[in-house]
Amino acid sequence: MSLVAVSFYEEPHAVWTLTAVLLLTVLLAWHRSAGTVAEKGSAIRDSGVLSNGNGYSIGEVESETPMPLGEVNVSKILIHPIKSCRGLSVTESRFTPLGLEWCIMDAETHVLVTAREVPKMVLIESTLEYDSSDPHDGRLLVKVPQESGPVSFSVPIIPTQDILDSWSIIGDCSLFKVYFMDGYIVQPLLPSDPSPNDILTEYMGRRVFFMMKGPTPRECPSTAAFPNLKATAVFQDGFPLLFASEESLQDVAQTVRTAASGDENSFGKIGGLDNDRWKDGNVEIERFRPNIVFKGAGYPWAEDMWRSIVISPKPNTDPTTASADETFTLVSKCTRCLLPNVDTKTAERDAAVPYKVLMKFRAGKDPARMSKPCFGCNGVPSGTGIVRVGDRVFVKEWAGEGGV
């Protein structure tokens, strides 16, 4: 997968007066403590957003006027080398317009298998061991749990052309039976090495192939804001990158706590919610599988209104002159399925959290999929580079009304 970071630039005309900022801060604090629902035109709880009734919203900005932002930094980087398997938290990562990802595919149907269908896939661990002296740039090490103990195998990160020529290629790999692409069936480098396909077939309980993306580019789907989007992905659901913020996660956690408290006046009854389990609202960011997590905006859902951002280690970066290798476009909000309900540590699927809770206040945000709740934003990098924890993020362009 590809990666990103965040910090912010405010146009001169967007600078708010200190009085307005203080007022909004007080309103936000009041909103969080009181949770009052009022009529439009005053402070309102609207899909998790506090509005001042004058075209601005705190949390989910739906105004063409940029909001004041704190100093935003990349707080976490998560990579997911194998689709639907456990991610890795790293301090830095390379990113490309495509991303880096392998997948597991059903050998009979050629449909990509995900943890939506097989939750225990989240227990498969992988590690990228880069080695500049290796002709394959290093190895992807994979550890698969078994009753008798974990079984491991390794594959080259970047196989040579000779290796690729020796692997079979399948031209009709299918994702959701909607997106089609080609892929190589990965084989062990040496005949004596453990076979990825045999190990995974035993674990999955059916015949599967371990796949690496083939040479034909796979185009990303268009979005409402980019009907002629020119971008490519690998085995991701739709786009190379996924951005999210700690503030948005905290808002979800607060909403889970409120729902688990049994306060049906705020959200109504949520079927299947285990109130005792979720009374602390501890929802891990790893469930949502973002690549870049940032912190510092000062309110949740700020990322929803960023059209273009610049990620840089330099604190005084001018986003208007930043290079393509530092620039990222947010093309849409990320509509969510039931996958985040799967606990990444135990592979248990929850009946309600976070999906049913998100449906209470984060549905109807993406014009193309109004019935789905949103968390995070899909992104496309303009070039290649490295992103690091601690990098600053600057907003280069703000989205219009309704956000990305």
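## Aromatic rings

Let's start with the rings. Searching the whole of this predicted model turns up eight aromatic pairs. One of them joins Phe294 and Trp306, with 5.2 Å from centre to centre and 45° between the planes, so the pair counts as tilted. Those two numbers are what you need, because a pair of aromatic rings is described by the distance of the centres and the angle of the planes.

The pair also ties together distant parts of the chain: Phe294 belongs to strand S17 (residues 292-295), Trp306 belongs to strand S18 (residues 306-312), and the two are 12 residues apart. Are these residues buried or exposed? Phe294 is buried, at 2% relative accessibility, and Trp306 is buried too, at 0%. Zoom out a little and you'll find both in one aromatic cluster, together with Phe95, Phe243 and Phe328.

## Arginines over rings

Rings can have charged neighbours as well. Look for Arg94, which lies over the face of Tyr130, 4.2 Å from the ring centre. Then try Arg218: this one lies over the face of Tyr179, at 5.2 Å from the ring centre.

## Two cysteines without a bond

How many disulfides does the model have? The count is zero. As a reminder, a disulfide is a covalent bond between the sulfur atoms of two cysteines. Take Cys103: the closest cysteine sulfur to its own is in Cys173, and at 6.4 Å that is too far for a bond, because the cut-off for a disulfide is 2.5 Å. Looking from the other end, Cys173 is in no disulfide either, and its nearest cysteine sulfur is that of Cys103, 6.4 Å away.

Where do you have to look for these two? Cys103 is buried, with 0% relative accessibility, and Cys173 is buried with 0% as well.

## The loop between S8 and S9

Next, find the loop between strand S8 (125-130) and strand S9 (138-144), which is where Asp134 sits. You might guess that a loop residue sticks out, but Asp134 has 16% relative accessibility, and it counts as buried because the cut-off is under 20%. Measure from C-alpha to C-alpha and Asp134 is 9.8 Å from Ile158, though 24 residues separate them in sequence.

His136 is in the loop between S8 and S9 too. Its relative accessible area is 11%, so His136 is buried. Which residues does His136 touch, leaving out those up to four places away in sequence? The contacts are Pro156, Ile157, Ile158, Pro159, Thr160, Ile163 and Leu189.

## Helix H3 and its two sides

Now turn to helix H3 (residues 196-204), where Pro196, Asn197, Ile199, Leu200, Tyr203 and Met204 are buried. Looking down the axis of H3, you'd see these buried residues fall within an arc of 165°, so they line one face of the helix. There's a handy rule here: an α-helix has 3.6 residues a turn, so residues three or four places apart point the same way.

What does the buried side pack against? The partners of H3's buried residues are strand S7 (102-106), S9, strand S10 (151-156), strand S12 (179-185) and strand S13 (208-213). On the other side of H3, Asp198 and Glu202 are exposed. Just after H3 comes Gly205, which has a positive phi, near 75°.

Key. Residues are numbered from 1 along each chain as its sequence is written. This is a predicted model: local features need pLDDT of at least 70, side-chain atom pairs count only at pLDDT 80 or more; totals for chains, interfaces and linings use all residues. Side-chain values use heavy atoms; hydrogens and water are left out. Buried means under 20% relative accessible area, exposed over 50%, partly exposed in between (1.4 Å probe, protein chains only). Helices (H or I, at least four residues) and strands (E, at least two) are DSSP runs, numbered from the N terminus. Rings of Phe, Tyr and Trp (its six-membered ring) pair if their centres lie within 6.5 Å; planes under 30 degrees apart count as stacked, over 60 as edge-to-face and the rest as tilted. A charge sits over a ring if NZ of Lys or CZ of Arg is within 6 Å of the ring centre and within 35 degrees of the ring normal. Contact means heavy atoms within 4.5 Å. The arc is that of the directions from the helix axis to the C-beta atoms.
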